[in-house]
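Ready for a few exercises on a protein fold? Have the structure open beside you, try each task on your own, and then compare your reasoning with the worked solution.

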Amino acid sequence: MAPSSRIPIFLLKTRSVPTDPYEELVTQVQRTGTTPWDKDQPGSCDYAYDPTFVPVIEHWYNDENLNYVSALVASGDLTRKYAGLIFTSVRAAEAFVRMVQAVVDVSKTKPDSKSITFYTVGPATHRSVNIVRKSHFPHAEIIGEEAGTGQKLAYIIQKHYRETYAPDTGDDDSTPQKRGLLFLVGEKHRDEIPRTLMNPELPLDERINVDELVVYETGVMNLFPDDFAERGPFRKGEDGGTGNDETKCFIATIGPTTRDFLKNNYGVEVEVCAETPTPEGVKDGIEKFMKEHGI
């Protein structure tokens, strides 16, 4: 039975392609219970979420650096130089997928794919990279889907690297030649992974070199304030107000970093902070809040 009420949910993000994990989750949710429009008859109707994407940030691919990665892949130098690629950003993963699908012949990647690993920080990056793993790198591993944070992923990489990649030797069979890792990033990114893996306090033979390469840049969309005011829950009414209690907007964040930023910089208290920094964590937090408050 189709839901009789749909609760609007505004996703302040650009829709990921080819599929968006947040959209998939919220459109799958249908429950029977009280809705904000039917408070007098608890449990009398079905409802579902009605998601709307409101992009906040726009992205520009760095074609020069993506062409460099493309040349590495096509020539076979990627697997000769690097033991793996690191992804902590969905946009970086999407840029890599887009580049591989557009210009790389699978015959160039399949034979050497067993000698490279993809390290991803969570389900979204895993899902994106897995598209080209299946098509172009069928023998490669994907590690780190459950990491959740860059720091945890760094520890996972350390353990996996030690267990998987014994150092090659140079021509004289005495000088270790360890392959490094290629970290595809945006121009603004955290550095805990390279700091951890290249920590100068580690023994030399335990350090893993990480090359960072910017494959996309970001900026706040000029139209975001007007776009959100037009479509969002804070749009002004005819009297200049922003609605009433029946149209109150609740705020959910993917984790404590976003929650604390909103509180410390804008004095905004959020209702939901996901216990795990994933789309599933956000959805579970929203569901828990709604249940506790009879929404």
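The exercises below cover the sheet, the helix packing, the salt bridges and the aromatic rings of this predicted model.

**Exercise 1. The sheet**

Task: work out in what order the strands of the six-stranded open sheet lie, and which strands stand at its edges.

Solution:
- Step 1. Start with strand β10, residues 180-186. On one side, β10 pairs with strand β5 (residues 82-87) in the parallel sense, over five bridges. β10 also pairs with strand β11 (residues 210-220), again in the parallel sense, and here there are six bridges.
- Step 2. Move on to strand β6 (residues 117-120), which runs parallel to β7 and is joined to it by three bridges.
- Step 3. Put the whole row together: the order is β4-β11-β10-β5-β6-β7, an open sheet with mixed pairing. β4 (57-61) and β7 (141-143) each have a single partner strand, so they stand at the edges, with one side of each left without a neighbour in the sheet.
- Step 4. Add the twist: ignoring direction, neighbouring strands of this sheet are turned against each other by 25 degrees on average.

**Exercise 2. Across the strands**

Task: find which residues stand opposite Phe183 in the neighbouring strands, and say how many residues of β10 are buried.

Solution:
- Step 1. Look across from Phe183 in β10, and you meet Ile86.
- Step 2. Turn to β11, where the bridge partner of Phe183 is Glu212.
- Step 3. Check how well β10 is covered: seven of its seven residues are buried, which puts each of them under 20% relative accessible area.
- Step 4. For practice at the sheet's edge, locate Thr117, which stands opposite Glu141 in β7.

**Exercise 3. Helix packing**

Task: describe how helix α4 is oriented to helix α2 and to helix α6, and give the handedness of each crossing.

Solution:
- Step 1. Recall what is needed: two packed helices are described by the angle between their axes and the distance between the axes.
- Step 2. Take α2 (residues 63-75) with α4 (residues 90-103): the axes come within 10 Å and cross at roughly 60 degrees. The two helices are therefore oblique to each other. α2 passes α4 in a right-handed crossing.
- Step 3. Now take α4 with α6 (residues 123-136), whose axes come within 8 Å and cross at roughly 15 degrees. That makes α4 roughly parallel to α6. The crossing of α4 and α6 is left-handed.

**Exercise 4. Salt bridges**

Task: examine three of the ten salt bridges, and say whether the residues in them are buried or exposed.

Solution:
- Step 1. Begin with Arg190 and Glu192, whose side chains meet with N and O 3.1 Å apart. Arg190 is exposed because its relative accessibility is 60%, whereas Glu192 is buried, at 11% relative accessible area.
- Step 2. Next comes Arg195 with Asp191, where the closest N and O atoms are 2.9 Å apart. Asp191 is partly exposed, with a relative accessible area of 37%.
- Step 3. Finish with Lys288 and Glu275, which form a salt bridge at 3.9 Å, N to O. Lys288 belongs to helix α11 (residues 279-292) and Glu275 to the loop between β13 (272-273) and α11, so this pair ties together parts that are 13 residues apart in sequence. Lys288 is partly exposed at 44% relative accessible area, while Glu275 is exposed at 72%.

**Exercise 5. Aromatic rings**

Task: classify two of the seven aromatic pairs, and name the residues that ring pairs link into a cluster.

Solution:
- Step 1. Compare the geometry of Phe87 and Phe96 with the cut-offs: the centres are 5.4 Å apart and the planes 50 degrees apart, a tilted pair. Both Phe87 and Phe96 are buried.
- Step 2. Do likewise for Phe261 and Tyr266: with 5.9 Å between the centres and 65 degrees between the planes, the pair is edge-to-face, because the angle is over 60. Phe261 is partly exposed, at 45% relative accessible area, and Tyr266 is exposed, at 59%.
- Step 3. Follow the ring pairs onward from Phe87 and Phe96, and they link these two with Phe118 and Phe137 into a cluster.

Definitions and conventions:
Residues are numbered from 1 along each chain as its sequence is written. This is a predicted model: local features need pLDDT of at least 70, side-chain atom pairs count only at pLDDT 80 or more; totals for chains, interfaces and linings use all residues. Side-chain values use heavy atoms; hydrogens and water are left out. A salt bridge is a side-chain nitrogen of Lys or Arg within 4 Å of a carboxyl oxygen of Asp or Glu. Buried means under 20% relative accessible area, exposed over 50%, partly exposed in between (1.4 Å probe, protein chains only). Helices (H or I, at least four residues) and strands (E, at least two) are DSSP runs, numbered from the N terminus. Rings of Phe, Tyr and Trp (its six-membered ring) pair if their centres lie within 6.5 Å; planes under 30 degrees apart count as stacked, over 60 as edge-to-face and the rest as tilted. Two strands pair if DSSP finds at least two bridges between them. Axes are lines fitted to C-alpha atoms, for helices over the stretch in contact, and angles run from 0 to 180 degrees between N-to-C directions. Angles under 35 degrees count as roughly parallel, over 145 as roughly antiparallel, 65 to 115 as roughly perpendicular and the rest as oblique. A crossing is left-handed if the near helix is turned anticlockwise from the far one by less than a right angle, and right-handed if clockwise.
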